[in-house]
Every structure is written in C-alpha cells, then in structure tokens.
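Biologist: Hi! Could you walk me through this one while I have it open?
Modeller: Happy to, let's take a look together.

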Amino acid sequence: MGRVIVVGSINQDITVTVDRLPQPGETLSGTSTTYRLGGKGANQAAAAAHGGAAAVFVGRVGGDPSGITLREELGAHGVDVSALRTDEEVTSGIAFITVSTAGENTIILDAGANGRVTGRQAVDAVALTEHDVVVLQGEIPSSANEEVISWAHGAGARVVLNLAPVRPVSPWALADVDVLVVNETECGLVLDAPPPGTAAAAAAAAAKLRNRGPARVLVTLGPDGAVRASADEVTHVAAIDLGPVVDTTGAGDACVGVLAAALAAGCDFPQAVAEGMRAGSTAVLSAGAAASYAGIAPVEPRL
C-alpha cells in the first residue's frame, strides 16, 4: 500500500447549532457551541487514516493555543503530523460553522496560517514514491497546489485535487491531476455555468471537466449520489442511505480522504469512488467533521 500525503488546511472549527439557518441580517439563538478539529486538509487526512491508509499531513498552524490543540487532535486520529509546522507569527486557521437541525450548514473561513503553506514545505518534508497518493484542496494558496502537483507528477505519484473552495488552476496543472473532485456548486463555478440540477446534467458537466485535463472526475451531488467520469465511461452512482442525517459538515472530506485511501490500497477508480461515498454517508450520521469519522470502515487492500 502507498501512503496518503495530504497537503492542506487545518482549522479550529467553532460550530453553533440552530433550529434553522439565519436570513441575512437576522439574529438567532443557538442551542450549543462546540470547538473541534477542522479544515478540509486535516479532515481528509483523518478520513484517510480511518480508511486504513498511512496518512501524512503537511500544513501549518499558528503560534496560539489552538495550534497546540489541533496538532494533538489530528495526531489522535492516527495521522503523522511530523510535517505540520508551527508559524509563530500568525494565528491558526478558524472556521465559524452554523448547523441547522435539518443537517444543513454554512461556513465562514479565516485562513490564518493556512495561507502560508508552500509546495517547498511538502518537498522538504516528504520523500515521495510512485505508490503514494497526494491530496490537495482549495484552502491553501493556488501556487502551493501547483508546486505540489508538479512535484507529485514528477515522482510518479497520483494526485487527487478537491477544488473546494474553487481557486484558479493552470491548465498544465489540471492535466497532471489524476482525480478532480468537486460538488455540484463547485462544478458550476469551474465551468462558469449554473450548477448541474440533475444527474444527467452532472454527467455532461463531468465530461466537460475531463476535457479540461484531469484523467478522472468525480462530481458529488449530496443526496443524489455522484457522477464519475473517466476515459472509459461517465456513470451516475446512487447515494448510500445509512440512516438519518445529523450533520453534513465534513461529509465531502470523508469521501475524498477515503477515496484517496482506496487508491493507495490498490482499488481502481470505480471501487475508490464507492468506498469514498460510503465514508461520506457514514460521516453524516453524527455531529462534527473529523469527529464523525470513527465509524468509517478501513478499506481492504487490493493486492
């Protein structure tokens, strides 16, 4: 098995639960407030570790108490945090999250130390091999992502790019991406078009995204499942219903992290998508992002 090397963001998540999401200018009373590990990069690394991979996280925290806590919490998920730097000059990243009783959420980010992550940091910290899978997101600078894509491609490693939030990516960098993952909203933003409203529209959009360069594309559609596209086929994959939805925060990250773990374990793309979607469906059964990953089943290695 290869490793999953996540280069990305790590945040302090502050989550408030409300009966419903507020309208602009409206003040609502919350029913609870929690402080948890978050950030798309950290979440995906935690999910990969719960999915059975040897997961390594490359990123930055600030020189504040949150930075110490975040390092400890990510390590407790089984992630190697030796390449997680502390930047004393800034604060750690923070996310303000509102979750409704229906499981919907809104998120506001302050990047903090995540804005200082560089590709050179990853190159200096990790001896990459062709068996590894490198995972990236949109919560670190575009320049860092492009540096890492070039480095990973040169080493023969596979690259999973979760373009969330959407950032500009050079055409040459997209051409070196093995799997591009976006949700329906991000898909529309990348294509400068309305989000696909149906599975058929998502299939057409996924095919267009493949034409931008990545070898494979996964467009996630929430309760409508997902669409995967490769050179061989464009296929709708039905959602997996494992029980009542408690909190959707971090479900997409669970999918990405376990998809990467499955690729590192020798799964082909369709198998990896299936494993990732099951992980995402598991994550919505309890509150929090990485805190909801305990129920994720490890991927069986394909030898």
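Biologist: Is Cys267 buried or exposed?
Modeller: This is a predicted model, and in it Cys267 counts as buried because its relative accessibility is 5%.

Biologist: And what about Cys255, buried or exposed?
Modeller: Cys255 counts as buried too, since its relative accessibility is 6%.

Biologist: Why is there no bond between the sulfur of Cys267 and the closest cysteine sulfur?
Modeller: The closest cysteine sulfur belongs to Cys255 and sits 13 Å away, which is too far for a bond. A disulfide needs the two sulfur atoms within 2.5 Å.

Biologist: How many disulfides turn up in the whole structure?
Modeller: Zero, after searching the whole structure.

Biologist: Okay, switching to the sheet. What's the strand order?
Modeller: The order is β5-β4-β1-β8-β9-β10-β11-β12-β13, in an open sheet of nine strands with mixed pairing. The edge strands, pairing on one side only, are β5 (80-87) and β13 (234-237).

Biologist: In which sense do β10 and β11 pair?
Modeller: Parallel, over five bridges, with β10 covering residues 179-183 and β11 residues 216-220. Val182 stands opposite Val219 of β11.

Biologist: Which strands does helix α6 touch?
Modeller: Helix α6 (residues 184-191) touches β9 (158-162), β10 and β11 as it packs on the sheet. Its direction makes about 110° with that of β10.

Biologist: Last one: where does Leu174 lie, and what does it touch?
Modeller: Leu174 lies in helix α5, residues 171-175. Leaving aside residues up to four places away in sequence, Leu174 touches Leu161, Val169, Arg212, Gly213 and Pro214. Leu174 counts as buried because its relative accessibility is 10%.

Note on methods:
Residues are numbered from 1 along each chain as its sequence is written. This is a predicted model: local features need pLDDT of at least 70, side-chain atom pairs count only at pLDDT 80 or more; totals for chains, interfaces and linings use all residues. Side-chain values use heavy atoms; hydrogens and water are left out. Helices (H or I, at least four residues) and strands (E, at least two) are DSSP runs, numbered from the N terminus. Buried means under 20% relative accessible area, exposed over 50%, partly exposed in between (1.4 Å probe, protein chains only). Contact means heavy atoms within 4.5 Å. Two strands pair if DSSP finds at least two bridges between them. Axes are lines fitted to C-alpha atoms, for helices over the stretch in contact, and angles run from 0 to 180 degrees between N-to-C directions.
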